[in-house]
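Biologist: I am new to this one. Please show me the sequence and the structure, and then take my questions.

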Amino acid sequence: MSQKAVPNDEHPQAAAYDPPPGLDDALKQVAIVEASRKPSRVGYLTNYSFHIWYQIVIEIMKRRGAQYDIELEIADAKLSVENQIEQARDLSTRVDVLVLTPAATSGLEKILEIGKAAGVPIVVEANPVEGMSTLIAICDYDAGFDLGVWVGNNVKKTDGSPLRILDVGLPGLRPCLLRSEGFVGGVRSIQPQAIVVASINGEATPAIAQKVASATLQEKGDVDVIFAMDDETAHGAYQGYLDAGFDASTVTVAGFGLSGEPEKRWLMKREALKVSQAMFPEYVGLRCIDAAVRLYDGQHVPTRDVIPTVSMTPDLLEKFYPKKSGVWTPDFNAIASVPFKGDCTKV
């Protein structure tokens with residue numbers, strides 16, 4: 001499925017990421033890759049950099065790259081396959097390694113061909129591309145399933161009627177489809193009668209998620225759970241829920257990502273956002289640069305470098321993001337110690 005580019009005027013401004021003061025010290029706790037030759041320039045082909053997740057990934061890649069004396073150059077496809085292919089042609093002429101976050105589920109194989117012709121190895125992030133050397137990503141279906149199990153065990157209606165779920169996704173990207181599918185499967189493994197009232201496309205944009213959720217819920221009625229493929233569109237859908245006139249105290253929001261400070265603050269309020277499947281973008285950025293060094297040096301890389309996830313609740317947050325100087329700061333060793341499946345159930 002191809003993902004249509006979103007016009008520039010429909011994109012929100014890039015989310016503001018204010019790196020915690022202790023971020024560089026936290027990165028130094030993870031040993032750099034020993035290599036006989038290291039890239040001097042890495043190009044990052046991102047899908048939509050305005051999102052807080054990718055603002056964090058980019059910042060970490062810059063800082064981790066600096067530990068290797070690597071310069072990072074970024075190109076934003078704005079969810080366009082055509083843009084991304086042209087950007088790959090351009091960047092491959094002046095970088096040693098490319099990191100690719102595909103703009104769509106299919107059609108990006110051409111970028112691997114471009115890299116091969118130019119002698120530029122490619123690290124793929126998030127969304128697999130046939131023929132790739134390595135993919136750095138969570139197991140999306142399994143992460144969604146785990147989150148659904150949490151909701152199934154912890155969100156139950158007193159009258160015994162089935163849970164009603166609003167699914168807020170991004171159908172142009174397979175990882176997001178897998179999150180939705182896994183979530184519903186996880187909920188139904190505990191509460192088999194749970195109902196998906198509607199699946200909507202939030203387009204990874206809070207304002208769009210708000211508008212579509214409001215219209216959908218006015219037609220379909222109240223829901224008990226809002227599931228969203230990321231926390232930003234979860235927030236948008238939640239605002240749409242309120243716009244539709246429903247009660248904030250009766251809905252549970254289950255998000256995905258738990259990327260920035262606003263998401264963490266929302267979780268810690270212990271209000272609608274009860275749980276979010278933490279995806280640790282800081283760890284992803286670190287792993288992308290380390291993989292780039294390994295590939296350039298001819299070292300072994302796994303075909304799938306699985307990033308762990310956690311169904312994050314307020315009680316767990318400071319285990320993985322302890323506060324340093326009053327700011328949540330990633331503990332990379334704690335993140336790396338999370339158990340994870342070696343093989344994903346669905347890819």
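Biologist: In which loop is Ala 204 found?

Modeller: This is a predicted model: local features need pLDDT of at least 70, side-chain atom pairs count only at pLDDT 80 or more, and totals for chains, interfaces and linings use all residues. Residues are numbered from 1 along each chain as its sequence is written, and side-chain values use heavy atoms, leaving out hydrogens and water. Helices (H or I, at least four residues) and strands (E, at least two) are DSSP runs, numbered from the N terminus. Ala 204 is found in the loop between strand S7 (195-201) and H7.

Biologist: Is Ala 204 buried or exposed?

Modeller: Buried means under 20% relative accessible area, exposed over 50%, and partly exposed in between (1.4 Å probe, protein chains only). Ala 204 has a relative accessible area of 0%, so the verdict is buried.

Biologist: What is phi of Ala 204?

Modeller: Ala 204 is not a glycine. Even so, its phi is positive, at about 55°.

Biologist: Lys 78 also interests me. What is its relative accessible area?

Modeller: Lys 78 sits in the loop between strand S2 (71-76) and helix H3 (81-91). Its phi is positive too, near 50°. Lys 78 counts as partly exposed because its relative accessible area is 30%.

Biologist: Which helix gives the most to the largest nonpolar core?

Modeller: A nonpolar core is a set of buried Ala, Val, Leu, Ile, Met, Phe, Trp, Tyr and Cys residues joined through side-chain atoms within 4.5 Å. The largest has 97 residues, and those with the most contacts inside it are Val 151, Phe 183, Phe 280 and Phe 320. Ten of the core's residues come from one helix, residues 281-296: H10.

Biologist: How many residues are in the second core?

Modeller: This core is separate and includes Leu 45, Leu 91, Leu 98 and Leu 108. Its residue count is 21.

Biologist: At roughly what angle do the axes of H7 and H8 cross?

Modeller: Axes are lines fitted to C-alpha atoms, for helices over the stretch in contact, and angles run from 0 to 180 degrees between N-to-C directions. Contact means heavy atoms within 4.5 Å. Among the residues that meet are Ala 209 and Ala 213 in H7, with Gly 236 and Gly 240 in H8. The axes come within 7 Å and cross at roughly 40°.

Biologist: How many aromatic pairs does the whole structure hold?

Modeller: Rings of Phe, Tyr and Trp (its six-membered ring) pair if their centres lie within 6.5 Å; planes under 30 degrees apart count as stacked, over 60 as edge-to-face and the rest as tilted. A search of the whole structure finds this many pairs: 10.

Biologist: At what angle are the planes of Tyr 48 and Phe 50?

Modeller: Tyr 48 counts as buried at 5% relative accessibility, and Phe 50 does so at 8%. Their rings form a tilted pair, 5.4 Å centre to centre, with the planes at 35°.

Biologist: How many residues apart in sequence are the parts that Tyr 238 and Trp 266 tie together?

Modeller: The two ring centres are 5.7 Å apart and the planes are at 45°, so this pair is tilted. Both residues are buried. Tyr 238 lies in helix H8 (residues 231-243) and Trp 266 in helix H9 (residues 261-268), so the separation of the parts in residues is 28.
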